[in-house]
Amino acid sequence: PRLAIMFTHRSKIRKAKNATPDALENEVAQALYELQVNSDKLKQPLREVHITSAKLVDTVIIVFVPVPQMVNFQKMIKERNLLEELEKKFSGKQVVILGERRIIRKESRNARQLKQLRPRSRTLTAVHEKILDDLVYPTEIIGKRIRYRQDGSKLLKVHLHQDNKPTGDKQEIFAKVYKSLTGKDVAFQVL
């Protein structure tokens, strides 16, 4: 049975603790497998990668990948138009690829002591920053500002580089996805 799995769409998704993938995750894995089989440009790079999960937010499919493979996915996004190919497969839906990152909570007095110090990359702030970086890739973030409104709420203003700038509707999609994942309001500006 293991050999049969190697050559199907099931080889493109690996869930934690061998959980069964849902319908959306199977669709995304099937689309990646079809691209691997049919596309000359994406055949070799897609052979080496897999996804961990997928989530639907409004009309946006968020695909989560292991963090070590994020570099390979970003190369495919930049050089080989992976996102455009996936959006063709899921007509009417946008596709966003993010790294699957884990937040380790802050150590408190009543909680059990952790064996080692919490890495900076596992803090809430670091994970939220990395989500933002993955979200706007290949556009570069050149600045961030936090605007405190009079009612006490915050708005994160993100300044993007002029090159590879995302279109207006993409910026709204990025804001929606970031709000659903982190609960923070964000506004994008191209400088």
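**Salt bridges, sheets and the largest pocket**

The structure holds 7 salt bridges, and it should be kept in mind throughout that this is a predicted model. One of these contacts deserves a closer look: the side chains of Glu34 and Lys89 meet in a salt bridge, with an N to O distance of 3.1 Å. Glu34 belongs to helix 2 (residues 23–38) and Lys89 to helix 5, so the pair ties together parts that are 55 residues apart in sequence.

Turning to the strands, an open sheet is formed by 3 strands in the order 1-2-3, with mixed pairing. The edges are taken by strand 1 (53–57) and strand 3, each with a single partner strand, so one side of each is left without a neighbour in the sheet. On average, neighbouring strands of this sheet are turned by 25 degrees against each other, direction ignored. Strand 1 pairs with strand 2 (residues 60–66) in the antiparallel sense, over 5 bridges. Within this pairing, Ser53 stands opposite Phe64 in strand 2.

Another open sheet of 3 strands has the order 4-5-6, and its pairing is mixed. Here strand 4 (141–148) and strand 6 (186–190) stand at the edges; each has a single partner strand, so one side of each is left without a neighbour in the sheet. From one strand to the next, the twist averages 20 degrees. Strand 4 and strand 5 (residues 154–160) run antiparallel and are joined by 7 bridges. Ile141 has Leu160 in strand 5 as its bridge partner. This sheet also meets a helix: helix 6 lies across strand 4, strand 5 and strand 6, and runs at about 125 degrees to strand 4.

Readers with an eye for binding-site geometry may wish to turn next to the largest pocket, which holds about 360 Å³ of space. Its lining is made up of 20 residues, and those nearest the centre of the pocket are Leu83, Glu84, Tyr137, Pro138 and Lys170. Two or more lining residues come from each of helix 5 (82–89), strand 3 (94–100), helix 6 (124–136) and helix 7 (168–182). Several of these elements appeared above: helix 5 carries Lys89 of the salt bridge with Glu34, strand 3 is an edge of the 1-2-3 sheet, and helix 6 lies across the strands of the 4-5-6 sheet. By class, the lining of the largest pocket comprises 11 nonpolar, 4 polar and 5 charged residues.

Methods: Residues are numbered from 1 along each chain as its sequence is written. This is a predicted model: local features need pLDDT of at least 70, side-chain atom pairs count only at pLDDT 80 or more; totals for chains, interfaces and linings use all residues. Side-chain values use heavy atoms; hydrogens and water are left out. On a 1 Å grid over the protein atoms alone, a cavity is a set of points where a 1.4 Å probe fits but cannot get out, and a pocket is an open set with protein on both sides within 12 Å along at least five of seven lines; lining residues have an atom within 4 Å of a point. Grid points are joined across faces, edges and corners, and a volume is the space filled by probe spheres set on the points. Helices (H or I, at least four residues) and strands (E, at least two) are DSSP runs, numbered from the N terminus. Ala, Val, Leu, Ile, Met, Phe, Trp, Tyr, Cys and Pro count as nonpolar, Asp, Glu, Lys and Arg as charged, and the others, Gly among them, as polar. Two strands pair if DSSP finds at least two bridges between them. Axes are lines fitted to C-alpha atoms, for helices over the stretch in contact, and angles run from 0 to 180 degrees between N-to-C directions. Contact means heavy atoms within 4.5 Å. A salt bridge is a side-chain nitrogen of Lys or Arg within 4 Å of a carboxyl oxygen of Asp or Glu.
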